[in-house]
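Subject: The structure for you to look at

Hello,

Here is the structure I promised to pass on. Please open it alongside this email, and then read on for what turned up in it.

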Amino acid sequence: MCRWIAYRGRTIPLEHYVTEPAHSLVSQSIKALESTAATNGDGFGLGWYGDHSEPGRYREVQPAWSDDNLRSLCRHLHSHLFFAHVRAATGTPITRPNCHPFACGPWLFMHNGYIADWARLRRPIETLIPDELYPARAGSTDSEAMFLALLGSGLMGPEPYRDPVEATARMLSALTELVGGSDGGLPFRFTAALADGRDLYAFRYAANEPANSLYYRQSEDGVVVASEPLDQDHATWVPVPGNSVLIARKDERVEIVGLQDYGLAPRAGLPRLQLQASA
């Protein structure tokens, strides 16, 4: 399984979370502690927002620990909202178009998880991508297909819903049905981050298997979400509950919302939490 981090808050250098911490994302690419794949060396990527509406990206097929440019980029790039991802491939080629994060218009997306029997399900899942978005399909991963299906579920078009959580729940519901449902179907894991340059959404969902790990931490700077804690101070990291989404909107309180509120995999015991405001 891949490892990733997402940050939303005050403008800071990317190195603050990508390269500097004791268990930074680069360290996790060499030795992850809460993943089925201890090494995540099948490419990596950065995505960030600056002066333009669309995000900037840097993606490479070599391991994060061996890229001479990465530390320099993370020191000099500053952003209020950025993603970083190290990949452990699950059957698709190690190519730049298959590296995360993916982008389309103002949207940025990255994913940790998989759809079982992808070779068989690829065609029906790709039919969820609208014709007008399919030309943006550059790679062969299930992650990119899910991203484009998500955009087609309500985030792009002449009259978008502009509710990323609703659109994601609609997409996840369709995919859960395609894998055979959430009771006895094929395994499906979706731990993902989505952003539009203003707001950040981090999802932790799975059907027929436990969800992949996901944590968050609030600070005066803002909120950082990570596949696993970035340091040894685990008490300061809060697990994101399964079947839920973390919402970090600009100038609003961070929320954890159960996806059952959107009709997805109803399950009791996931309250709506109000946390301190992020920058």
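Let me start with one residue: is Y262 buried, partly exposed or exposed? Please keep in mind that this is a predicted model. Y262 has a relative accessibility of 31%, and because buried means under 20% and exposed means over 50%, Y262 counts as partly exposed.

To find Y262, go to the loop that runs between strand 13 (253-258) and strand 14 (273-277). Leaving aside residues up to four places away in sequence, Y262 touches D163, V165, E166, A169 and V257. For a sense of distance, you could also pick out G139, which is 123 residues from Y262 along the chain. The C-alpha atoms of G139 and Y262 are separated by 30 Å.

Now for the overall fold. The secondary structure of the protein is made up of 6 helices and 14 strands. With a radius of gyration of 17 Å, close to the 19 Å that the globule rule gives for 279 residues, the protein is as compact as a globular protein of that length. Its C-alpha trace spans about 45 × 40 × 40 Å along the principal axes.

Inside, 59% of the 279 residues count as buried. If you take the contacts between residues at least 6 apart in sequence, 63% of them join residues at least 24 apart.

On the outside, the accessible surface comes to about 11500 Å², and carbon and sulfur atoms account for 48% of it. As for charge, the protein has 25 positive and 32 negative charges, and the mean positions of these two sets are 1 Å apart.

You may also want to know about the cysteines. How many disulfides does a search of the whole structure find? The search finds 0. C74 is in no disulfide, and the nearest cysteine sulfur to it, that of C99, is 15 Å away. C104 is in no disulfide either, with the sulfur of C99 again the nearest cysteine sulfur, at 18 Å. Are C74 and C104 buried or exposed? C74 is buried, with a relative accessible area of 0%. C104 has a relative accessibility of 13% and also counts as buried.

I hope this helps you find your way around.

Best wishes

Definitions and conventions:
Residues are numbered from 1 along each chain as its sequence is written. This is a predicted model: local features need pLDDT of at least 70, side-chain atom pairs count only at pLDDT 80 or more; totals for chains, interfaces and linings use all residues. Side-chain values use heavy atoms; hydrogens and water are left out. Helices (H or I, at least four residues) and strands (E, at least two) are DSSP runs, numbered from the N terminus. Buried means under 20% relative accessible area, exposed over 50%, partly exposed in between (1.4 Å probe, protein chains only). Contact means heavy atoms within 4.5 Å. The radius of gyration is taken over C-alpha atoms; the globule rule is 2.2 Å times the number of residues to the power 0.38. Accessible areas come from the Shrake-Rupley method with a 1.4 Å probe; for residues, only the protein chains shown count as cover. Lys and Arg count as positive and Asp and Glu as negative; His and the chain ends are not counted. The place of a charge is taken as NZ of Lys, CZ of Arg, CG of Asp or CD of Glu. A disulfide is a pair of cysteine sulfur atoms within 2.5 Å.
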